Amino acid sequence: MLEVEQEILNTIITQIEKQLLYNKMIDQNRINDRDYVLNILKNNINEIMDICSWTFDYNDTLVSGIKNELENDRKISAIILAGTYLEHILNSFYVNILSFKFDFSNTYINDAIKASSIIDKISWFFELVTRNTFNKALYQEIKKINSIRNQLVHYKPIGTDINTFFDNNQVYKNIDQISLTLVSTLDSISIYLTEIEKSVLINEK
C-alpha cells in the first residue's frame, strides 16, 4: 500500500476508534488489540458508520471548500474558511472530551467553549483539560492563520481602500506565505488533535 494511502487509512481508523470510545462500544484497555478492535468493527459496522458519517461529511466539506478556493486563487476566502475549520475542530474536540470526562450539561460545556478564544483553546484551556502542552509548531501556525483571518474579517475602513490597507500592512505577503502550506497545516492540526483526544480517552479512568 502506498504511504499516503496508509496515512489516510490510519487517520480514518483512529477517528473510528475515538468514536467507539466515546460511545462506550469498546474496552479502552484493549484499544491496541487489533483483532479485538476489528471484531467490534465487524459486529457494529452500521451503527459505527452512522456515528461517524456527520463528522466526516462536515469536515470534508470545509476542507474541499478551502482547496477549491486555493485552486481558484481566492486565498483570502480560503483563509477565512480555514479559520472556520479550526474553530470547528477545536470546538468538537472540547465538546467530546468535556462530555466524556465530566458530568457537565451540554449548555455548560457550550458556554465554556464560547467563552474561550481560539488562543485559549490551544494554551491554558488545552493544558487544563488534557494535561498536555499544545504542540509549539502547530500553536504558531494557528496563531498566524487566526491573526490573518481576524484582519480580513474585522477590516474597518480608515480612509483608504482595502487593497491599499493590505499593502501597507504587508498582509498580502502573509496571505501568500500561509496559503502555500495551508491544507497540509490543517491536516497536521487535525491529526494532532485526534491523537491527543484518543490518548485522553484511553488514559482517563
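## A cluster of aromatic rings

Phe93, Tyr94, Trp124, Phe125, Phe126, Phe134 and Tyr192 are joined by ring pairs into a cluster. The model in which this cluster appears is a predicted one, and a search through the whole of the structure finds 9 aromatic pairs.

One of these pairs is formed by Phe102 and Phe104, whose ring centres lie 5.0 Å apart with 20 degrees between the planes, and this pair is stacked. The ring of Phe104 also pairs with that of Tyr108, where the centres are 4.8 Å apart and the planes stand at 40 degrees, so this second pair is tilted. The reason for the two labels lies in the angle of the planes, because a pair counts as stacked under 30 degrees, as edge-to-face over 60 degrees and as tilted for the rest. As for exposure, Phe102 is partly exposed at 35% relative accessibility, Phe104 is likewise partly exposed at 36%, and Tyr108 is exposed, with a relative accessible area of 51%.

## Overall fold and surface

The protein contains 10 helices and 0 strands, and its pattern along the sequence reads α-α-α-α-α-α-α-α-α-α. Of the 205 residues in the protein, 39% are buried, while the accessible surface comes to about 12,000 Å², with 50% of that surface belonging to carbon and sulfur atoms.

The contacts can also be described by their separation along the chain: among those between residues at least 6 apart in sequence, 67% join residues at least 24 apart.

## Helix H7 and its two partners

Helix H7, which covers residues 136–153, meets helix H9, residues 171–180, with axes that come within 11 Å and cross at roughly 135 degrees. At that angle H7 is oblique to H9, because the angle falls neither over 145 degrees, where a pair would count as roughly antiparallel, nor in the range of 65 to 115 that counts as roughly perpendicular. The crossing in which H7 passes H9 is left-handed. On the side of H7 the residues that take part are Lys144, Ile145, Ile148, Gln151 and Leu152, and in H9 they meet Val171, Asn174, Ile175 and Ile178.

H7 also packs against helix H10, residues 182–203, at an angle of about 125 degrees and with the axes 11 Å apart. That angle makes H7 oblique to H10, and the crossing of H7 and H10 is left-handed. Here Leu138, Glu141, Ile142 and Ile145 in H7 meet Leu182, Thr185, Leu186, Ser188, Ile189 and Tyr192 in H10. Two of the residues named here link this packing to other parts of the report: Ile145 is also among the H7 residues that meet H9, and Tyr192 is also a member of the aromatic cluster.

## Two loop residues with positive phi

Asp73 has a positive phi of about 60 degrees although it is not a glycine. Asp73 sits in the loop between helix H3 (45–71) and helix H4 (75–101), and at 56% relative accessibility Asp73 counts as exposed.

Arg131, another residue other than glycine, has a phi that is positive and near 65 degrees. Its place is in the loop between helix H6 (124–130) and H7, and Arg131 counts as exposed at 70% relative accessibility. For both residues the label follows from the relative accessible area, because exposed means a value over 50%.

Technical notes. Residues are numbered from 1 along each chain as its sequence is written. This is a predicted model: local features need pLDDT of at least 70, side-chain atom pairs count only at pLDDT 80 or more; totals for chains, interfaces and linings use all residues. Side-chain values use heavy atoms; hydrogens and water are left out. Rings of Phe, Tyr and Trp (its six-membered ring) pair if their centres lie within 6.5 Å; planes under 30 degrees apart count as stacked, over 60 as edge-to-face and the rest as tilted. Buried means under 20% relative accessible area, exposed over 50%, partly exposed in between (1.4 Å probe, protein chains only). Helices (H or I, at least four residues) and strands (E, at least two) are DSSP runs, numbered from the N terminus. Contact means heavy atoms within 4.5 Å. Accessible areas come from the Shrake-Rupley method with a 1.4 Å probe; for residues, only the protein chains shown count as cover. Axes are lines fitted to C-alpha atoms, for helices over the stretch in contact, and angles run from 0 to 180 degrees between N-to-C directions. Angles under 35 degrees count as roughly parallel, over 145 as roughly antiparallel, 65 to 115 as roughly perpendicular and the rest as oblique. A crossing is left-handed if the near helix is turned anticlockwise from the far one by less than a right angle, and right-handed if clockwise.
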